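Please work through the exercises below with the sequence and the model open side by side. Each task is followed by a solution that proceeds step by step.

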Amino acid sequence: MTLDKVDFQLQERHNFNWLKQLGSVFCVFDQQDSGNISFGVEKDGQKYFVKYAGAKPVDFTGNTQDAIGRLKKSVPVYQSLKHPDLIKFLDHFSTENGYALVFEWFEGECLHSHWSFGGAAKYTNPKSPYYRFKKLEVKKRLKALNAILSFHTYAESQNYVAVDFYDGSILYDFKNDEAKICDIDFYRKSPSVNDIGENFWGSTRYKSPEEYELGSPIDSVTNVFNLGAIAFGLLGGEKDRSFSKWDANQGLYEVAIRAVDEDRSKRYSTVKEFYEAWKINQ
């Protein structure tokens, strides 16, 4: 299909006439497996990010109605967790065949842009956002991590747990050295449990042991693991958590390695406690 000279692919045709009221399309993200398709639109010099469920993206194998239901359920999450380090949520509405969320546009690049830099290219291509981020000085990467930890400390204070948070949820503006979080659709009210089992939402690079086990708690201790794993993704060797691959100081390494302990009882008990230890060691 083509909208305003931008080409994209779907499994079947879909009516996007409702998009015209929001502005002209300048980019499309059509390679998500979540069932959502997203658009960058511009109107009167203002840019917006529109996330939509109701169409059938090429990589989507699920039920369209389930995707619509999930997107609708995310609205109170964005409303409850407004924060300077989260992309700004503006509006939501039903269309004839689906549901749309509208956000303020942020000039950041996704650190897991699998649609442009899939597989090894993410780590080796000098144009990959992740590769470029890893080449930044440690101070700038720490600033980005502080934004991530600050937001999740706030989410915890509002009794939310992060679900499916990974580097694909991080946008980085290389021009202004600013990070923002996007895509918190699956965050849940605490307490919560793993109700799916081994295929619980999330990236295998960042999931804790309990996120593979049906009935396990999904809570602050789980999130401590996720955020510790993110720290290794942004400052270290990702799944290789050896000190030799770590770019920051030893104190921060000790904090991060405790956060990703397989034994829940040995991790920090809250995200707030983890973030406090992290700040002390910078």
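The exercises that follow concern a predicted model, and they take up a helix pair, aromatic rings, backbone geometry and one strand residue in turn.

**Exercise 1. Describe how helix H5 and helix H6 are arranged and what kind of residues make their contact.**

Solution. Begin with the axes: those of H5, which covers residues 220-235, and H6, which covers residues 250-259, come within 7 Å and cross at roughly 135°. An angle over 145 degrees would count as roughly antiparallel and one from 65 to 115 as roughly perpendicular, and H5 and H6 are therefore classed as oblique to each other. The handedness of the H5 and H6 crossing is left-handed. Next, list the residues in contact: H5 contributes Val-224, Phe-225, Gly-228, Ala-231 and Phe-232, while H6 contributes Tyr-253, Ala-256, Ile-257 and Ala-259. Sorting these residues by type gives 8 nonpolar, 1 polar and no charged.

**Exercise 2. Classify the ring pair of Phe-49 and Trp-105, and then the ring pair of Trp-246 and Tyr-253.**

Solution. A pair of aromatic rings is described by the distance of the centres and the angle of the planes. The whole structure holds 25 aromatic pairs. For Phe-49 and Trp-105 the ring centres are 6.3 Å apart and the planes stand at 45°, so this pair is tilted. The two residues come from distant parts of the chain, 56 residues apart, with Phe-49 in strand E5 (residues 46-53) and Trp-105 in the loop between strand E7 (99-104) and strand E8 (109-110). Both Phe-49 and Trp-105 are buried. For Trp-246 and Tyr-253 the centres are 5.7 Å apart and the planes stand at 70°, so this second pair is edge-to-face. Turning to accessibility, Trp-246 counts as buried at 6%, and Tyr-253, which also takes part in the contact of H5 with H6, counts as buried at 11%. Finally, to place Phe-49 and Trp-105 in a wider setting, note that ring pairs link them with Phe-26, Phe-29, Tyr-78, Phe-89 and Phe-103 into a cluster.

**Exercise 3. Where do Pro-191, Asp-177 and Glu-238 lie, and what is notable in the backbone at each?**

Solution. Most residues other than glycine have a negative phi, and most peptide bonds are trans. With that background, take the proline: the peptide bond from Ser-190 to Pro-191 is cis, with omega near 0°, and Pro-191 lies in the loop between strand E12 (188-189) and strand E13 (192-193). Asp-177, although not a glycine, has a positive phi of about 50°, and it lies in the loop between strand E10 (170-173) and strand E11 (178-181). Its relative accessible area is 17%, so Asp-177 is buried. Glu-238 likewise has a positive phi, near 55°, and its place is the loop between H5 and H6. At 9% relative accessibility, Glu-238 counts as buried.

**Exercise 4. Is Tyr-172 buried or exposed, and which residues does it touch?**

Solution. First locate Tyr-172, which belongs to strand E10. Its relative accessible area is 2%, and since buried means under 20%, Tyr-172 is buried. Leaving aside residues up to four places away in sequence, Tyr-172 touches ten-odd positions best read by name, including Gly-108, Glu-109, Leu-111, Phe-133, Leu-136 and Asp-177. For a contrast between sequence and space, consider Gly-197, which is 25 residues from Tyr-172 along the chain and 32 Å away, C-alpha to C-alpha.

Definitions and conventions:
Residues numbered from 1 in each chain as written. Predicted model: local features only at pLDDT ≥ 70, side-chain atom pairs only at ≥ 80, totals over all residues. Heavy atoms only, no water. Axes fitted to C-alpha atoms, helices over the stretch in contact; angles between N-to-C directions. Helix = DSSP H or I, 4+ residues; strand = E, 2+ residues; numbered from the N terminus. Parallel < 35°, antiparallel > 145°, perpendicular 65-115°, else oblique. Left-handed = near helix turned anticlockwise from the far one by under 90°. Contact = heavy atoms within 4.5 Å. Nonpolar A, V, L, I, M, F, W, Y, C, P; charged D, E, K, R; others polar. Phe/Tyr/Trp six-rings, centres within 6.5 Å; stacked < 30°, edge-to-face > 60°. Buried < 20%, exposed > 50% of the residue type's maximum accessible area, 1.4 Å probe, protein only.
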